[in-house]
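Colleague: I should like to go through the reasoning behind some of the labels attached to this model. Please set each value against its cut-off before drawing a conclusion.

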Amino acid sequence: MKEEFLLGNGAIALGLLEAGCQVMTSYPGTPSSEILPEVVRFSKAAHLNTAIEWSINEKVAFDNAFAAAISGKRSACCMKMVGLNVAADSFMSAAYIGNIGGLVIISCDDPGPHSSQTEQDSRLMARLGKVPVLDPSSPEEAREMIRFAFDLSEEFQVPVLVRPAIRICHARQNIKYGALENNLTPADFKRDPARWASTPKFRFILHKALNEKHLQIAEKFNTLTPFNQHNLKQGNYPFGVVAGGIPAFVVRDLFEEAGREDIPVLKLGAPYPFPERLADEFMDACDKVLVIEETDTVIEYMLRDKRKTLGRLSGHVPMEGELVPEKIETLLNKALIDCGQAPLSHGDCGKEAFDLVADLGLPIRKPTLCPGCPHRASFYAIRKAVPKAIFPSDIGCYTLGSNLGVVDTVLDMGAGITMASGFWNAYIQDGVRKPIVATIGDSTFFHSGTTALINAVYNDARFVLVILDNHITAMTGMQPSITQANLVDGRQGNPIALENIVRGCGVNYLKVVDPYDTESMIQTVKDAHAHASDPEGGIAVIISRHPCVIGFKDAIPEKIEVRVTDACNDCGFCHQRFECPALIRDADRKKTMIDPLLCVQCGVCLTICPQGAIERV
């Protein structure tokens with residue numbers, strides 16, 4: 001036996017391989033990003049033949065895994081919860097069609113949200129798609145649920161969704177495990193067009209079969225210990241708690257610390273299809289029940305007796321935000337008092353700790369781009385070249401261009417281009433040729449930007465598109481970009497040139513520039529804007545290409561040492577508007593200074609000081 005202090009995502013990866021997962025696909029997105037690299041690590045260490053793929057987007061990842069599953073192999077795909085939106089079309093159909101080999105979808109939720117556009121609850125997507133869902137409350141349980149999910153998927157020939165939230169994904173726990181072995185089940189796709197290529201008439205039949213499966217799965221979930229269980233004893237209780245996911249773990253710990261054995265808990269780690277019989281048994285024994293779940297009202301809606309139920313709908317649980325332990329303790333105390341019961345404690349529920357931190361007087365710093373980030377140079381040039389433009393942008397670390405005044409909209413992946421097209425249509429309807437400069441990252445462009453660009457070209461929209469090509473998927477953990485040859489498992493792939501794709505979308509105006517060459521970048525943006533504004537022109541695309549300075553240590557081949565001269569008049573432009581973390585204000589001298597620990601010596605700041613006070617040493 002081996003033992004590791006694993007990240008929750010590592011425990012999930014281990015569970016996948018222990019269960020014999022043969023095909024693993026994913027598109028990176030926090031909090032799910034570490035799962036696939038951990039699958040790679042375990043697979044290499046055990047010399048497994050697992051097929052592993054960073055896919056171009058979540059729908060592609062899902063379809064690849066689904067094809068393997070209907071060929072008889074155990075397969076999985078993982079993503080963050082907004083990625084499930086991208087895969088939703090396939091996700092919904094796969095539930096009807098079903099699978100042969102086990103098919104497990106891991107959708108990692110982000111209550112908070114910490115790094116996401118929404119706080120959506122993947123359990124609701126599972127209910128919409130009629131896909132069974134498992135909701136782990138610890139890394140170890142997540143590992144166990146993965147193995148159960150594969151068995152359940154094969155028993156009923158349905159996909160199964162596992163929904164770990166961020167505190168599962170990024171928690172750590174000691175995990176013991178034995179030897180990992182290859183699953184040598186061969187691919188054996190059996191043609192059955194009535195199922196695999198079913199028309200609406202047959203989908204009706206498949207839907208009926210899916211509903212019948214759900215009744216059987218719900219009955220199984222009624223007795224599914226330890227995932228679904230309560231600790232009721234004889235008699236009735238004035239107050240009880242129903243919880244799922246990480247809140248169930250927190251509630252258990254709070255009750256243990258307070259010595260409150262008088263409050264029963266129903267833990268629902270497999271909440272859908274809903275275990276009605278188990279829930280009714282618990283509700284019948286309690287006068288009032290508080291439902292604690294993240295991040296929406298899945299369990300609360302399904303409990304039949306609303307008169308007994310406290311939760312989000314009664315105002316006892318907030319409708320938004322992460323349910324951290326301090327918050328759970330507070331809402332438990334309130335619900336207990338409202339029900340005439342003694343609270344867990346009369347303390348401050350963590351307020352003292354927060355006050356201590358506040359008293360330290362630590363500075364509040366907003367997120368900003370890294371020192372030497374090529375995106376900062378790109379944004380500076382764009383703002384300098386076309387200051388009065390509308391700047392639609394996209395999902396990525398370059399979203400922080402909003403600090404520099406060059407990101408006006410962020411909707412979802414690919415929307416930098418579609419929003420640009422929409423703004424053009426809105427203004428041209430009024431006879432106004434509004435300047436528009438859209439930005440999108442290289443990985444995001446491949447994910448969902450190509451169709452948007454084709455649509456914009458076809459419909460004769462006019463704007464400048466700057467593709468920020470830093471050779472890597474930086475924000476989610478430095479995953480390899482499709483423009484590079486290296487695959488996630490070290491094999492060599494076939495890199496795709498951005499230039500070929502852009503031209504294939506019908507774009508005639510294409511320029512490639514290094515944003516570190518600031519003057520050239522400014523002029524290129526001006527020229528591109530002129531082309532987009534010309535009645536005979538069209539969409540102008542600039543590929544702003546420079547490797548990420550974090551992902552590629554040799555991204556700055558020529559180091560340029562700079563200093564601030566006495567010409568500095570403390571205008572603050574360099575550290576307030578340009579926002580390089582290496583440029584800081586010396587309060588005593590009332591001058592800008594350069595922090596040598598942060599400066600990467602890119603030299604971009606030589607061109608940005610209004611006073612010309614930054615010079616090369």
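Colleague: Why is Gln601 called partly exposed?

Modeller: In this predicted model, Gln601 has a relative accessible area of 27%. Buried would require under 20% and exposed over 50%, so Gln601 falls in between and is partly exposed.

Colleague: What is notable about the phi of Gln601, and where does the residue lie?

Modeller: Gln601 is not a glycine, although its phi is positive, at about 60°. Most residues other than glycine have a negative phi. Gln601 is found in the loop between β22 (591-594) and β23 (614-616).

Colleague: What makes Met478 partly exposed, and what is its phi?

Modeller: The relative accessible area of Met478 is 31%; that value is between 20% and 50%, and therefore Met478 counts as partly exposed. Met478 also has a positive phi, of about 65°, without being a glycine. Its place is in the loop between β16 (472-473) and β17 (479-480).

Colleague: Which peptide bonds are cis, and what are their omega values?

Modeller: A cis bond joins Thr30 and Pro31, with omega about 15°. A cis bond also joins Tyr272 and Pro273, with omega about 0°. Most peptide bonds are trans. Pro31 lies in the loop between β2 (23-26) and α2 (35-46), while Pro273 is in the loop between β11 (265-268) and α12 (276-285).

Colleague: How do you know that Cys571 and Cys609 are not bonded?

Modeller: A disulfide requires cysteine sulfur atoms within 2.5 Å. The sulfur of Cys571 is 5.9 Å from that of Cys609, its closest cysteine sulfur, so the two are too far apart for a bond. For Cys605, the nearest cysteine sulfur is that of Cys602, 6.2 Å away, and Cys605 is in no disulfide. The structure holds zero disulfides.

Colleague: Are these two cysteines, Cys571 and Cys605, buried or partly exposed, and what decides the label?

Modeller: Cys605 has 10% relative accessibility, which is under 20%, so Cys605 counts as buried. Cys571, at 41%, lies between 20% and 50% and therefore counts as partly exposed.

Colleague: Why are α1 and α7 called roughly parallel?

Modeller: Helix α1 (residues 8-18) and helix α7 (residues 139-156) pack at an angle of about 30°, with their axes 8 Å apart. Angles under 35 degrees count as roughly parallel, and α1 and α7 are therefore given that description. The crossing of α1 and α7 is right-handed.

Colleague: Which residues make the contact of α1 with α7, and how do they divide by class?

Modeller: On the α1 side the contact is made by Gly8, Ala11, Ile12, Leu14, Gly15, Leu16 and Glu18. The α7 side contributes Pro139, Ala142, Arg143, Ile146, Arg147 and Phe150. By class, the contact of α1 with α7 has eight nonpolar, two polar and three charged residues.

Colleague: How does α7 pack with helix α10, and what is the handedness of the crossing?

Modeller: The angle between α7 and α10 (residues 200-222) is about 145°, and their axes are 11 Å apart. The crossing of α7 and α10 is right-handed. Phe148, Leu152, Glu155 and Phe156 in α7 meet Lys213, Gln216, Ile217, Lys220 and Phe221 in α10. By class, that contact of α7 with α10 has five nonpolar, one polar and three charged residues.

Methods. Residues numbered from 1 in each chain as written. Predicted model: local features only at pLDDT ≥ 70, side-chain atom pairs only at ≥ 80, totals over all residues. Heavy atoms only, no water. Helix = DSSP H or I, 4+ residues; strand = E, 2+ residues; numbered from the N terminus. Buried < 20%, exposed > 50% of the residue type's maximum accessible area, 1.4 Å probe, protein only. Axes fitted to C-alpha atoms, helices over the stretch in contact; angles between N-to-C directions. Parallel < 35°, antiparallel > 145°, perpendicular 65-115°, else oblique. Left-handed = near helix turned anticlockwise from the far one by under 90°. Contact = heavy atoms within 4.5 Å. Nonpolar A, V, L, I, M, F, W, Y, C, P; charged D, E, K, R; others polar.
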